[in-house]
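Welcome to a short set of exercises on a helical model. Have the viewer open, try each task by yourself, and then compare your reasoning with the worked solution.

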Amino acid sequence: MAFPHDFNSLVFSSELVFTVIAVIFCFLIYFKTRESYDLTKYGGIRHFRDAFLFFGLSYLVRFLFGILMISSITFDFFLPRGMFVPLFILPMGYFSTIGILYLIFSSIWKRFNRNNLLIAGHSMALLLSVISFVTMSHLILLYLQCVLLVIAIVLGFVMARWKKKLSQIKFLYLLVAVL
């Protein structure tokens, strides 16, 4: 079977492997922090856990998209990219954006009403996803998410210094930014 000339199987395979690893680590973080939250009922841990749940869901949608793309190439069936790519951008954008926002929430949750914070966060994530969907541009979403990640990292550092303690959460924020 001949692959399209713009298809690079090595790059695609490595992206799928990376996505599987990211899904595994996100869900591991989510499940391994369960006991900490159950013991303390600390709101910051709850939001931190939820962030990785949403990151895991985002990478899971990305994995499913990759499987669909490789299947269409392998089994030689037409997949109208104009229709399917935006349908996957919407949930990936929503889940990854709300994941970033939950990282921010884990730093600021004491200063805001929880319900208002969640409503605002989910509304913002939905709005950014819809903007990306309507403009058919994942780059707009990527740029906006980068801004949110910088805010999350800065808040993580500022809040830790303000509390006069350094924690491992800064390291995890940096890893999320790299992913």
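**Exercise 1.** Leaving aside its neighbours within four places in sequence, which residues is glutamine 145 in contact with?

*Solution.* Keep in mind that you are working with a predicted model. Begin by placing the residue: glutamine 145 belongs to helix α6, which covers residues 138-162. Next, set aside the neighbours within four places and list what remains: Gly93, Ser96, Thr97 and Ile100. Finally, check the accessibility. The relative accessible area of glutamine 145 is 11%, and the cut-off for buried is under 20%, so this residue counts as buried.

**Exercise 2.** Find the residue whose side chain makes a polar contact with the side chain of serine 96, and describe the surroundings of serine 96.

*Solution.* First, locate serine 96, which sits in helix α4. Its relative accessible area is 13%, so serine 96 is buried. Now look for the side-chain partner: glutamine 145, at 2.6 Å. Widen the search to residues beyond four places in sequence, and serine 96 also touches Phe55 and Ser58. One more distance is useful here: the C-alpha atoms of serine 96 and tyrosine 59 are 8.2 Å apart, although 37 residues separate the two in sequence.

**Exercise 3.** Is threonine 97 buried or exposed, and what lies around its side chain?

*Solution.* Start with the helix: threonine 97 is part of α4, residues 81-108. Then take the relative accessible area, which is 0%, so threonine 97 is buried. Turn to the side chain: one of its polar atoms lies 2.6 Å from the backbone oxygen of glycine 93. Last, collect the contacts outside four places in sequence, and you should have Ala125, Leu128, Leu141, Gln145 and Leu148.

**Exercise 4.** Work out how the axes of helices α1 and α3 are arranged relative to each other.

*Solution.* Take α1 as residues 9-32 and α3 as residues 43-74; their axes come within 8 Å and cross at roughly 155°. Angles over 145 degrees count as roughly antiparallel, so α1 is roughly antiparallel to α3. As for handedness, the crossing of α1 past α3 is left-handed. Sorting the residues of this contact by class gives 21 nonpolar, three polar and four charged.

**Exercise 5.** Which residues does leucine 118 touch, not counting residues up to four places away in sequence?

*Solution.* Leucine 118 is in helix α5, residues 114-135. With a relative accessible area of 13%, leucine 118 is buried. Its contacts beyond four places are His47, Tyr102 and Phe105. For tyrosine 102, the separation along the chain is 16 residues, and the C-alpha atoms are 8.6 Å from that of leucine 118.

**Exercise 6.** What is notable about the phi angle of lysine 41?

*Solution.* Find lysine 41 in the loop between α2 (34-40) and α3. Its phi is near 55°, a positive value in a residue other than glycine. For background, most residues other than glycine have a negative phi. Lysine 41 has 53% relative accessibility, so it counts as exposed.

**Exercise 7.** How many helices and strands does the chain have?

*Solution.* Count from the N terminus, and the elements run α-α-α-α-α-α-α. That gives seven helices and zero strands. Of the 179 residues, 40% count as buried. To finish, consider contacts with a separation of 6 or more: residues 24 or more positions apart account for 73% of them.

Note on methods:
Residues numbered from 1 in each chain as written. Predicted model: local features only at pLDDT ≥ 70, side-chain atom pairs only at ≥ 80, totals over all residues. Heavy atoms only, no water. Axes fitted to C-alpha atoms, helices over the stretch in contact; angles between N-to-C directions. Helix = DSSP H or I, 4+ residues; strand = E, 2+ residues; numbered from the N terminus. Parallel < 35°, antiparallel > 145°, perpendicular 65-115°, else oblique. Left-handed = near helix turned anticlockwise from the far one by under 90°. Nonpolar A, V, L, I, M, F, W, Y, C, P; charged D, E, K, R; others polar. Buried < 20%, exposed > 50% of the residue type's maximum accessible area, 1.4 Å probe, protein only. Polar contact = N/O pair within 3.5 Å; in protein donor to acceptor, adjacent residues only side chain to side chain. Contact = heavy atoms within 4.5 Å.
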